[in-house]
Amino acid sequence: VQLVESGGGLVQAGGSLRLSCAVSGSIFSINRMAWYRQAPGKFRDLVASMTSGGSTNYADSVKGRFTISRDSAGNTVYLQMDSLKADDTAVYYCNAKLKEGLYTYDFWGQGTQVTVSS
């Protein structure tokens, strides 16, 4: 599985950005897609996730502001980010989780920088 993020950039507080994650490889084996973020000096935290069945989950800090979605083919996963705050500034990573039998595999993109100016 290969993941390539795009869509990051600089935006003013209150603005919006949409991140994209292009997925290739064994996409039919993926159990969950997710977005994580990591700010300087902090741990990488889960922002939003979507299972292969379409169930979604969000961090409390982004509920009501961020939306995870995917295209019908499952080739691209999006993160729509609205009402952005300075605290949303981080490198955002796309993640794919794949389970095969007893084993779980995690795949990561290279990350895309999101900077929100206050």
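**View 1. Arg 37, Arg 65 and Asp 88 are joined in a network of salt bridges.** Welcome to this predicted model; here is a good place to begin. One link of the network is the salt bridge between the side chains of Asp 88 and Arg 37, with 2.9 Å from N to O. Asp 88 sits in the loop between strand 8 and strand 9 (90-100), while Arg 37 belongs to strand 4 (residues 30-38), so this pair ties together parts that lie 51 residues apart in sequence. Asp 88 and Arg 37 are both buried.

**View 2. Asp 88 also meets Arg 65 in a salt bridge.** Here the N to O distance between the side chains is 2.8 Å. Arg 65 comes from the loop between strand 6 (56-58) and strand 7, and Asp 88 from the loop between strand 8 and strand 9, so the pair ties together parts 23 residues apart in sequence. Are these two residues buried or exposed? Asp 88 counts as buried because its relative accessibility is 2%, which falls under the 20% cut-off. Arg 65 is buried as well, with a relative accessible area of 11%.

**View 3. Asp 60 and Lys 63 form a salt bridge through their side chains.** The distance for this pair is 3.1 Å, again taken from N to O. Asp 60 has a relative accessibility of 65%, so this residue counts as exposed. As background, side chains that carry opposite charges can pair when their charged atoms come close. How many salt bridges does the structure hold? There are 4 in the structure.

**View 4. Strand 7 and strand 8 run antiparallel and make a hairpin.** Strand 7 covers residues 66-70 and strand 8 covers residues 76-81, with 5 bridges joining them. If you look across from Ser 69, you will find Tyr 78 standing opposite in strand 8. Between the strands of this hairpin there are 5 residues. Which residue of the hairpin takes a positive phi? Look for Gly 74, where phi is near 75°.

**View 5. Leu 102, Tyr 103 and Tyr 105 make up a nonpolar patch on the surface.** Together, the three residues of this patch have about 410 Å² of accessible area. To find Leu 102, follow the chain to the loop between strand 9 and strand 10 (103-108). Leu 102 counts as exposed because its relative accessibility is 83%, over the 50% cut-off.

Notes
Residues numbered from 1 in each chain as written. Predicted model: local features only at pLDDT ≥ 70, side-chain atom pairs only at ≥ 80, totals over all residues. Heavy atoms only, no water. Pairing = 2+ DSSP bridges. Helix = DSSP H or I, 4+ residues; strand = E, 2+ residues; numbered from the N terminus. Buried < 20%, exposed > 50% of the residue type's maximum accessible area, 1.4 Å probe, protein only. Patch = residues over 30% accessible without salt bridge, like charges linked within 9 Å, V, L, I, M, F, W, Y side chains within 5 Å. Areas by Shrake-Rupley, 256 points an atom, 1.4 Å probe, with all protein chains shown as cover.
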